[in-house]
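Open your viewer and set the display to cartoon, with each chain in its own colour. We will go from stop to stop, and at each one you get something to select and a note on what is there.

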Amino acid sequence: MDEHRAPSLERILRPVHRWVWRDAHRCARKLLTFAATEADGGRDLSRAAELTTDPLLRRLFLRHALDESHHAELFRARGRTMLAALGGGGGWLEARWLTPGERGGDDLRVEDVKDASLLAFLHLSEKVAAARFEVYRDVIPDEETREVFRRILRDEVFHVHYTRTQLERIAPERHRRELWLARASRLWKGYLRVATALAGRLGTVILLAQYFLVLPLFALAAKRAARRERPGWSERQREQPTLESQY
Amino acid sequence: MRILGISAHYHDSAAALVVDGLPVCAIQEERLSRRKNDSAFPLAAVEWCLDEAGLEPEELDAVVFYEKPMRKLERILVTALRAFPRSWRSFPQAMKNTLGEKAWVKGIIASRLGVPARKILFTEHHQSHAAAAFLTSPAREAAILTADGVGEWATLTEGRGSRSPDGGCAIELLRELRFPHSLGMFYSTFTAYLGFEVNEGEYKVMGLASYGEPRFAEQVRAILRPTADGALELDLGYFDFHLSGRRAWSSRLVDVFGPPRSPGHPLDLATPDGKRFADVAASVQRVLEDRLVELTRALRRETGLRDLCLGGGVALNGCANARILNESGFERVFVPPAPGDAGCALGAALYADRIHFGGRDRPVPDHAYWGCPVDAGELERLAREDGLEVELAPGDRALVERVAEELANGRIVGWMDGRCELGPRALGNRSILASPASADMRDRLNREVKFREEFRPFAPAVPAGVADRYFELPPGGARLGRFMSGVFPVRPEWRSRLGAVTHVDGTARVQVVDPEVSPRFHALLLAYGARTGIPVLLNTSFNLSGEPIVARAVEGYSTFRRSGIDLVVAGRCIVAKARASGVRREEEAVS
């Protein structure tokens with residue numbers, strides 16, 4: 001697996017990863033999150049298999065989907081074993097954004113992309129995931145969890161390899177272009193995610209300001225009205241609003 | 001009249017088309033988008049319905065949305081105001097959720113479908129549930145009870161429906177219970193407390209309940225208590241769902257029942273914690289059933305009617321439905337195949353047709369098969385492309401004999417026939433079938449196909465004519481079994497021979513198969529019975545964990561390839577898994 005050497009950013013972040021994986025509770029919950037991500041990835045790939053018209057790609061996507069389901073099961077089983085051994089409690093910070101799973105922050109809508117674009121996306125995302133998993137494998141303190149990553153990394157080699165060869169097969173003239181487009185698309189989606197998150201925060205701040213500045217008087221009235229309500233049945237109005245009304 | 005019904009934006013969105021008073025088609029968005037419980041605006045479902053009927057949107061006379069969005073917004077806003085300032089965390093999220101799309105339904109329908117705004121109508125949420133329950137039933141006159149988490153304000157309604165000899169219809173909802181007092185929210189809160197996903201894990205609570213003792217029943221009764229006028233009231237001190245978007249229960253609930261189960265935590269029934277969770281589930285289930293029986297008994301006394309139509313997500317609770325049938329005094333209980341929000345698309349369209357436009361009543365075909373048909377040719381093509389052996393049965397008889405033989409030999413069959421079901425149950429058109437004989441088959445299905453918790457039972461399917469021989473069906477039980485809506489005891493003498501479908505408490509959620517509705521499935525059951533002596537099959541939905549039930553042949557094929565299913569059937573096309581796995585061929589092809 002060393003052919004996919006961890007990118008420099010991941011290597012720089014190695015001490016952070018080491019810190020994240022040091023806490024056993026956090027480690028167990030992260031594995032369960034990874035399990036959910038892998039299962040989602042498996043579903044995306046099975047959908048891709050259902051949509052493609054290329055029989056070989058269909059078979060490969062199905063195989064890939066099976067691998068992802070298997071990875072999900074490995075992560076889930078290990079996470080549950082750890083949680084069962086640890087009992088309740090534990091740290092609250094999962095640090096998901098610091099140590100993402102296989103697809104990382106990437107999202108995939110297989111219905112919206114052609115086979116070549118999908119293969120380019122998968123190739124990049126598998127390659128990044130393999131490098132990341134390699135770092136996790138090295139920094140995780142317990143041997144059994146390391147073994148889970150080792151087993152998964154063996155499949156990742158195949159995934160990185162087949163996505164590249166198939167991309168070259170179905171788009172011999174433009175496979176490099178597809179890869180660059182996929183890189184650009186990942187960057188754009190990353191920007192969109194950040195922008196959306198920022199807009200969301202901004203919206204929250206504005207709504208909270210309204211909540212505390214505008215609503216208190218209305219809240220008082222609403223609480224008074226609530227106190228007047230008696231428990232039990234409410235009779236329905238004899239005159240029901242017509243179907244034209246949204247209210 | 002051509003009326004399109006739409007439900008969307010909460011969970012499990014759907015579209016349904018009613019033409020001249022009869023449903024033409026209805027499908028959940030998830031079956032087409034392949035995203036489980038897809039709550040997005042059901043554009044794919046709408047487009048499919050219109051294509052199926054050969055209609056353009058402008059040819060529609062009305063588009064009916066299944067609830068009143070502005071009244072729902074009012075409820076959300078008022079709930080936040082009442083909880084001020086404790087609602088400060090949930091308020092921004094609730095507003096963003098609602099103001100993002102949910103409040104602008106009229107504009108969205110008008111712009112996406114290109115229909116004029118004047119043609120867009122809105123039923124109330126529980127009117128839609130009531131219509132889906134009553135107008136699809138064969139009852140002339142019936143009491144109606146609908147219960148779910150929450151609609152606009154109502155969480156539970158009672159009323160009556162009637163059909164007059166002149167073809168007129170009436171649905172009158174007499175009273176309602178209002179948010180936050182809600183049977184659905186009560187059950188969902190405990191679903192989340194037990195570590196299961198809300199709107200998805202409620203079946204698991206019901207399955208888990210059979211493993212426990214209701215030793216917390218008194219405490220639960222104190223939380224969900226009757227009011228002086230015969231309604232229900234939640235002790236809100238135990239809940240936070242109306243205050244915070246973060247957690248549904250309060251610390252008081254944890255004080256009484258102990259720490260909640262983390263979603264990822266293993267559920268081991270041999271441990272004290274596992275036993276406690278099963279006991280909580282049993283207590284919650286018991287109290288839910290008791291309260292529903294009390295409500296329906298009172299409704300029976302009040303209306304004097306013999307039939308009851310149940311709607312809303314709570315009507316998916318088969319154990320409660322069986323107790324209502326046994327103990328309420330109603331002689332027949334009707335639960336539609338999709339009593340939840342998906343069925344509201346059909347309910348809203350029928351309500352508009354019969355009540356709003358005054359359309360003449362027409363009996364709605366009494367089945368669940370309103371979705372897209374399966375294309376056997378597609379399965380044949382896919383299998384041939386992948387080098388699998390394809391067998392085309394010369395006729396229906398040859399097909400059922402061949403499949404029955406495989407089932408009798410212990411093989412697991414993915415069975416696709418006709419149009420897919422509306423609602424959460426696979427009723428023999430998109431089913432995984434297997435021998436019900438031994439618990440080993442249940443374990444194999446859990447391990448190799450469904451990948452789900454061991455405590456969840458599998459359902460049996462049995463021909464209507466012999467259902468009584470194997471299951472203790474009370475009068476009216478076969479009707480509930482039509483859409484797998486009731487849980488009934490397996491007769492003790494058959495339990496050991498129906499080990500894969502008999503739950504730990506000796507019950508089963510049985511499907512009673514009518515030969516007129518599902519002739520091929522019925523014939524298959526008989527053919528299987530002729531070989532094994534018991535015409536009962538294990539019937540579970542044709543999907544893998546976390547995926548919607550398959551709709552088209554390609555999805556059935558993909559599920560077949562990714563699981564331990566031995567044989568997949570679409571129409572008369574049969575494909576078996578190759579003995580030697582072809583998985584490595586792909587790797588060879590790549591290298």
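Start by selecting residues 43-53 of chain B: this is helix H2, which lies across strands E1, E2 and E3 of chain B. Its direction makes an angle of about 145° with E3(B). Keep in mind throughout that you are looking at a predicted model.

Now add residues 341-356 of chain B, helix H13. This helix lies across E1, E2, E3, E4 (62-65) and E5 of chain B, and runs at about 145° to E1(B).

**The sheet under these helices**

Hide the helices for a moment and show the strands. You have an open sheet of 5 strands in chain B, in the order E3-E2-E1-E4-E5, and its pairing is mixed. At the edges sit E3 (22-28) and E5 (120-122), each paired on one side only. From one strand to the next, the twist averages 20°.

Zoom in on residues 2-7 and 14-19 of chain B, which are strands E1 and E2. The two run antiparallel and are joined by 6 bridges. To see one of these pairings, pick Arg2(B): its bridge partner in E2(B) is Val19(B).

**Three backbone stops**

Most residues other than glycine have a negative phi, and most peptide bonds are trans. The next selections go the other way.

- Select Arg34(B), in the loop between helix H1 (29-33) and H2 of chain B. Arg34(B) is not a glycine, yet its phi is positive, about 65°.
- Select Phe84(B) and Pro85(B), which are joined by a cis peptide bond with omega about 0°. Pro85(B) belongs to the loop between helices H3 (69-82) and H4 (90-100) of chain B.
- Select Phe179(B) and Pro180(B) for another cis peptide bond, here with omega about 10°. Pro180(B) is in the loop between E8 and helix H7 (183-193) of chain B.

**A sheet that takes in both chains**

From Pro180(B), step back into E8, residues 169-178 of chain B. Which strand of chain A is joined to E8(B)? It is E1, residues 234-235 of chain A; the two strands run antiparallel, with 2 bridges between them. Select Ser234(A) and you will find Glu176(B) of E8(B) opposite.

Widen the view to follow the whole open sheet of 6 strands: E1(A)-E8(B)-E7(B)-E6(B)-E11(B)-E12(B), with mixed pairing. E1 of chain A and E12 (332-334) of chain B are the edge strands, each pairing on one side only. Further in, residues 141-147 and 154-163 of chain B are E6 and E7, an antiparallel pair held by 7 bridges. Ala147(B) has Leu156(B) in E7(B) as its bridge partner.

**Where the chains meet**

Return to Glu176(B) and show side chains. What does its side chain form with that of Arg236(A)? The two meet in a salt bridge, at 2.8 Å from N to O. Across the interface of chains B and A there are 9 salt bridges, along with 25 residue pairs in polar contact. If you colour the chain B side by residue class, you will have 30 nonpolar, 12 polar and 27 charged residues.

Finally, select the contacting residues on both sides: 69 from chain B and 55 from chain A. The size of an interface is often given as the accessible area lost when the parts come together. For chains B and A the buried area is about 5,700 Å², with 60% of it on carbon and sulfur atoms.

Terms used:
Residues are numbered from 1 along each chain as its sequence is written. Chains are lettered from A and ligands numbered from 1 in the order in which they are written. This is a predicted model: local features need pLDDT of at least 70, side-chain atom pairs count only at pLDDT 80 or more; totals for chains, interfaces and linings use all residues. Side-chain values use heavy atoms; hydrogens and water are left out. Contact means heavy atoms within 4.5 Å. Buried area is the accessible area (1.4 Å probe) that two parts lose on being put together, summed over both. A salt bridge is a side-chain nitrogen of Lys or Arg within 4 Å of a carboxyl oxygen of Asp or Glu. A polar contact is a pair of N or O atoms within 3.5 Å; within protein, one must be able to donate a hydrogen and the other to accept it, and residues adjacent in sequence count only if both atoms are side-chain atoms. Ala, Val, Leu, Ile, Met, Phe, Trp, Tyr, Cys and Pro count as nonpolar, Asp, Glu, Lys and Arg as charged, and the others, Gly among them, as polar. Two strands pair if DSSP finds at least two bridges between them. Helices (H or I, at least four residues) and strands (E, at least two) are DSSP runs, numbered from the N terminus. Axes are lines fitted to C-alpha atoms, for helices over the stretch in contact, and angles run from 0 to 180 degrees between N-to-C directions.
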